[in-house]
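Trainee: Could you take me through one part of this structure slowly? I would like to see how a pair of helices can be described.

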Amino acid sequence: MAISVPSVQEVSDPVVGAARYDAVPPLMDSLLHDVRNPLNALAIHLEVLSEKLKGESGQVPATQEKNLKAMREQIARVDGLLKLFSDFIVFRGAGPSGDAPLSDATGKALDVLGHESRRRRLQVQRDIEPDVQAHLEDTTELGFFLVQVLMRAFHRAESGSTVVVSVRAEGPNAVLAVADGSSAPERASDTVAALTLRAAQLGIEFFVEAGTCRLVFPRT
């Protein structure tokens with residue numbers, strides 16, 4: 001009976017991938033620090049400029065106020081996106097059990113992955129019932145589940161098609177369903193395996209059927 005011996009690539013790829021991910025948390029922390037410092041400086045200088053523009057009238061001219069408002073909004077947007085990326089991408093160790101805002105977190109995850117969906121020319125239909133809470137043994141893992149199921153759908157969906165993301169309360173459960181509309185064979189077996197394992201560890205029901213992925217969380 002022949003014995004199949006894994007190739008060097010088959011053995012090394014997971015090791016290399018793990019090493020790459022190990023570098024993500026410190027790199028993300030550095031990015032947050034090194035980008036937020038100049039953002040804060042810009043915000044301070046913006047307020048100084050605002051005071052100077054007031055002049056003797058005590059009011060910023062309407063034309064300049066519009067520009068200042070746009071600049072404040074962009075600074076806040078960049079700062080918010082950095083935090084979202086950190087929250088969803090970096091795993092910082094086991095967290096507390098409790099309720100997590102599934103509706104709100106799903107919307108934020110879609111915002112984080114907005115560029116990916118646009119790059120693939122996908123339409124994303126949000127059918128998110130507000131204020132749905134999911135109970136998790138580790139609330140920090142909600143981001144992992146959201147990013148993985150959304151990325152799987154985006155990679156499966158055909159360019160120009162629609163991905164439907166729904167969140168709703170169903171009796172004692174909170175259900176996240178992502179439908180990519182594709183009947184293609186599974187192309188993300190590693191992702192499905194990881195989701196299956198982590199869901200089982202945390203007592204979450206996970207279902208994959210063709211182009212639909214469902215996560216069923218208990219509610220309090």
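**A close look at one helix pair**

Mentor: Happily! In this predicted model, α6 and α7 are roughly antiparallel to each other, because their packing angle is about 150 degrees and angles over 145 degrees count as roughly antiparallel. To find the two helices, look for residues 142-156, which form α6, and residues 189-202, which form α7. Two packed helices are described by the angle between their axes and the distance between the axes. You already have the angle here, and the axes of α6 and α7 lie 11 Å apart. The crossing of this pair is left-handed.

Now zoom in on the residues that touch. From α6 come F144, F145, Q148, V149 and R152. They meet T191, V192, A194, L195, R198, A199 and L202 of α7. Sorted by class, this contact holds eight nonpolar residues, two polar ones and two charged ones.

It helps to hold a second pair beside it. Helix α2 (residues 24-54) packs with helix α3 (residues 62-89) at an angle of about 165 degrees, and their axes are 10 Å apart. That angle therefore makes α2 roughly antiparallel to α3. The crossing of α2 and α3 is left-handed, and their contact has 18 nonpolar, three polar and five charged residues.

Finally, step back to the whole protein chain: it has seven helices and seven strands. Of its 220 residues, 32% are buried. Among contacts between residues at least 6 apart in sequence, 77% join residues at least 24 apart.

Definitions and conventions:
Residues numbered from 1 in each chain as written. Predicted model: local features only at pLDDT ≥ 70, side-chain atom pairs only at ≥ 80, totals over all residues. Heavy atoms only, no water. Axes fitted to C-alpha atoms, helices over the stretch in contact; angles between N-to-C directions. Helix = DSSP H or I, 4+ residues; strand = E, 2+ residues; numbered from the N terminus. Parallel < 35°, antiparallel > 145°, perpendicular 65-115°, else oblique. Left-handed = near helix turned anticlockwise from the far one by under 90°. Contact = heavy atoms within 4.5 Å. Nonpolar A, V, L, I, M, F, W, Y, C, P; charged D, E, K, R; others polar. Buried < 20%, exposed > 50% of the residue type's maximum accessible area, 1.4 Å probe, protein only.
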